[in-house]
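Here's a quick walk through one protein model, written for someone who likes to poke at coordinates. Have the viewer open as you read.

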Amino acid sequence: MKIWSRGIRLPLAALSGLLAGFAALAVAELVSAVVRPEAGPVVAVGGAAIDRTPPAVKDWAIRHFGTNDKLVLQLGIVAVLGLLALALGVLALRHRRIGAAGVLLFGVVGALAATSRPDSDSSADALPSVAGALVGAVLLYWLIGRLTLPPRGARDPADTPGEQGWDRRGFVIAATAAAAASAGAGLVGRSLNSSRGAGAVASRGKVVLPAPASAAQPVPAGAALHVPGISPFITPNGDFYRVDTALVVPKVDAMDWKLTIHGKGVGRPVTVTFQDLLNRRLIERDITLTCVSNEVGGPYVGNARWIGVRLADLLKEAGVKPPSRGGPADQLVARSVDGMTIGSPVEDVMDGRDAMLAIGMNGEPLPFAHGFPVRMLVPGLYGYVSACKWIKDLELTTFDSYDPYWVKRTWARKAPIKTESRIDTPKPFARPKAGTVMIAGVAWAQHRGIDKVEIQVDDGPWMPADLAAEDTSDTWRQWSRPWNATSGGHTLTVRATDRTGQVQTEERTDTIPDGASGRHSVVITVD
Ligand SMILES: Nc1nc2c(c(=O)[nH]1)N[C@H]1C(S)=C(S)[C@@H](COP(=O)(O)O)O[C@H]1N2
Ligand SMILES: [Mo]
């Protein structure tokens, strides 16, 4: 009997650790619903990890897990916490106080992570981790206490190790009650956290996008090819790639939204509300957005019809002049509600291109994941230097005096989008039948325009592809070319030429620091 109870106390101690961890996370979830969902320990540690991840690893994660990178990260954190909790439980069986202190230590880590995030402006962000850790530590101490009752007559269990009894009934009751209470606290916290965004969701539901004063021309009939497997000319919102550092998608109530333009060379700081934007002259434009982390042939490029306010007009009202006209600021830094900072050249924003504060995407208010209520867009620049989502502030400054988020992490200060093309069909390792095979895809050189696309089969000559009609120079352009496929393995390669005459380079470079270059190839086998 004694031996049996000693043998089972080890797994029960591990279970106690797990329960303590679970209770800690559940309490933290509940408290974060009161403080801020982003202050919860898993989100905070995840966010802090994202902030500190080496650029190459982050790029790798984006490429391999895509939009699931965040889910993978959070599952990873929970898995690691689970293992550590098991270990702390085992440790606590020997050293009850040290085990409990270990739980507290995790609370400190969570609290530090939460308060060090760029969007944290209050030490209250430490509360979820601290409260969770306190509850977890007390619970672990108590549960282990049930497992290490001193034998009758002894003052301290340490006096006579191996002679300890244990309170089986007390343990089972306490463990069950703790598990149930934690599950309850966690669920209540979850639902409070999700209902926090209710006001923002309602405000989005009420937005009616006004007709733009300057509408986009209808997409030219010949711009969208009918080739099976090619990317649709307009990317539906649900399919549009998403890249950001937000573990919790910010839910901003449009009615509370404000944006201020201030800084160097601003004569009259301007503050606008969402209603102010709706009341202004709106433009509608098709713009293809691309991520600097997009590998050659990669998926992080999308084309949408956006509605918004011309940013240059707002800047002019604030008295801003571009550097070429004597303005003192050459960098426009956008800040988001989640603490992101994104810097764009003032010159580009004011050079006549359709840089905008966008409120609509493909006929609806911006989806939350794409920046509701307002985001910035600058045709021709990678997203990380132009496309701030959930924007709340615009500061005029200089490149010399301030490095925004990604630049601090080794990406380039300035990053115009490189001329690129992608084969959408056939897919890699496809096995088409010999005969006519349609090769088709997209090419982009935003704000310069695409003038030519060529295809090469194996080491053969470059052959011109048929270009679809151009929508605008700010959008990608589809292309296709029928090919008389012969049996065997083949490599298909594409290259584009932009309107400046620049041919897409074959020189392969990494995505870091200013975007991948090189040519997309697809290897197929013709049956
Ligand atoms: N607030 C915020 N805005 C952001 C980012 C971010 O992490 N946070 N990522 C940028 C990057 S790197 C890109 S490529 C685009 C992607 O926009 P999308 O997710 O709507 O496609 O958003 C940009 N705006
Ligand atoms: Mo990006």
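What follows goes from the overall build to the cavities, the salt bridges, the surface patch and a few backbone oddities.

**The overall picture**

First things first: this is a predicted model. The protein has 527 residues, and 53% of them are buried. Its secondary structure comes to 12 helices and 18 strands. If you lay the C-alpha trace along its principal axes, the protein spans about 95 × 70 × 40 Å.

**Holes inside**

How many cavities of 30 Å³ or more does a search of the whole structure find? The count is 4. Rolling a probe the size of a water molecule over the atoms is what shows where empty space is left.

The largest cavity holds about 330 Å³ of space. Its lining is made of 26 residues, and those that lie nearest the centre are Val243, Asp244, Gly383, Tyr384 and Lys389. Sorted by type, the lining of the largest cavity has 15 nonpolar, 5 polar and 6 charged residues.

The second largest cavity comes in at about 130 Å³. Here 14 residues do the lining, with Arg117, Asp119, Thr245, Ala246 and Asp338 nearest the centre. That lining splits into 8 nonpolar, 2 polar and 4 charged residues. One of the names there, Asp119, turns up again in a network of salt bridges, where it is linked with Arg36, Glu38 and Asp125.

**Salt bridges**

Across the whole structure, the search gives 27 salt bridges. Three of them that link distant parts of the chain are set out here.

| Pair | Closest N to O |
|---|---|
| Glu29 and Arg190 | 3.2 Å |
| Arg204 and Glu364 | 2.6 Å |
| Asp393 and Arg335 | 3.6 Å |

Take the pair Glu29 and Arg190, whose N to O distance is 3.2 Å. Glu29 sits in helix H1 and Arg190 in helix H7 (residues 168–196), so the partners are 161 residues apart along the chain. Is Glu29 buried or exposed? Its relative accessibility is 18%, so Glu29 counts as buried. Arg190, on the other hand, has 54% relative accessibility and therefore counts as exposed.

Next up is the bridge between Arg204 and Glu364, with 2.6 Å between the closest N and O atoms. This one ties helix H8 (residues 198–206), home of Arg204, to strand S8, where Glu364 lies; the two are 160 residues apart. At 32% relative accessibility, Glu364 counts as partly exposed.

The last of the three joins the side chains of Asp393 and Arg335 at 3.6 Å, N to O. Both partners sit in strands: Asp393 in S10 (residues 391–397) and Arg335 in S5 (residues 331–336), with their positions 58 residues apart. Asp393 has a relative accessible area of 14%, so Asp393 is buried. Arg335 has 24%, which means Arg335 is partly exposed.

**A nonpolar patch outside**

Now for the surface. Leu15, Leu18, Leu83 and Leu86 form a nonpolar patch there, and together they have about 330 Å² of accessible area. The elements that give two or more residues to the nonpolar patch are helix H1 (2–35) and helix H4 (69–94). Leu86 belongs to helix H4, and with 30% relative accessibility Leu86 counts as partly exposed.

**Backbone oddities**

Where should you look for cis peptide bonds? One runs from Phe372 to Pro373, with omega near 5°. Pro373 is in the loop between strand S8 (364–365) and strand S9 (375–377). Another joins Ile512 and Pro513, with omega about 10°. For Pro513, look in the loop between strand S17 (488–498) and strand S18 (521–526).

Which phi values are worth a glance? Phe429 has a positive phi, near 65°, in a residue other than glycine. Phe429 is in the loop between strand S11 (420–425) and strand S12 (435–444). Its relative accessibility is 68%, so Phe429 counts as exposed.

Asp458 is not a glycine either, yet its phi is positive at about 50°. The loop in question runs between strand S13 (450–457) and strand S14 (463–464). Asp458 has a relative accessible area of 31%, so Asp458 is partly exposed.

Definitions and conventions: Residues are numbered from 1 along each chain as its sequence is written. Chains are lettered from A and ligands numbered from 1 in the order in which they are written. This is a predicted model: local features need pLDDT of at least 70, side-chain atom pairs count only at pLDDT 80 or more; totals for chains, interfaces and linings use all residues. Side-chain values use heavy atoms; hydrogens and water are left out. Patches are made of residues with over 30% relative accessible area and no salt bridge: like charges are joined within 9 Å, nonpolar side chains (Val, Leu, Ile, Met, Phe, Trp, Tyr) within 5 Å. Accessible areas come from the Shrake-Rupley method with a 1.4 Å probe; for residues, only the protein chains shown count as cover. A salt bridge is a side-chain nitrogen of Lys or Arg within 4 Å of a carboxyl oxygen of Asp or Glu. Helices (H or I, at least four residues) and strands (E, at least two) are DSSP runs, numbered from the N terminus. Buried means under 20% relative accessible area, exposed over 50%, partly exposed in between (1.4 Å probe, protein chains only). On a 1 Å grid over the protein atoms alone, a cavity is a set of points where a 1.4 Å probe fits but cannot get out, and a pocket is an open set with protein on both sides within 12 Å along at least five of seven lines; lining residues have an atom within 4 Å of a point. Grid points are joined across faces, edges and corners, and a volume is the space filled by probe spheres set on the points. Ala, Val, Leu, Ile, Met, Phe, Trp, Tyr, Cys and Pro count as nonpolar, Asp, Glu, Lys and Arg as charged, and the others, Gly among them, as polar.
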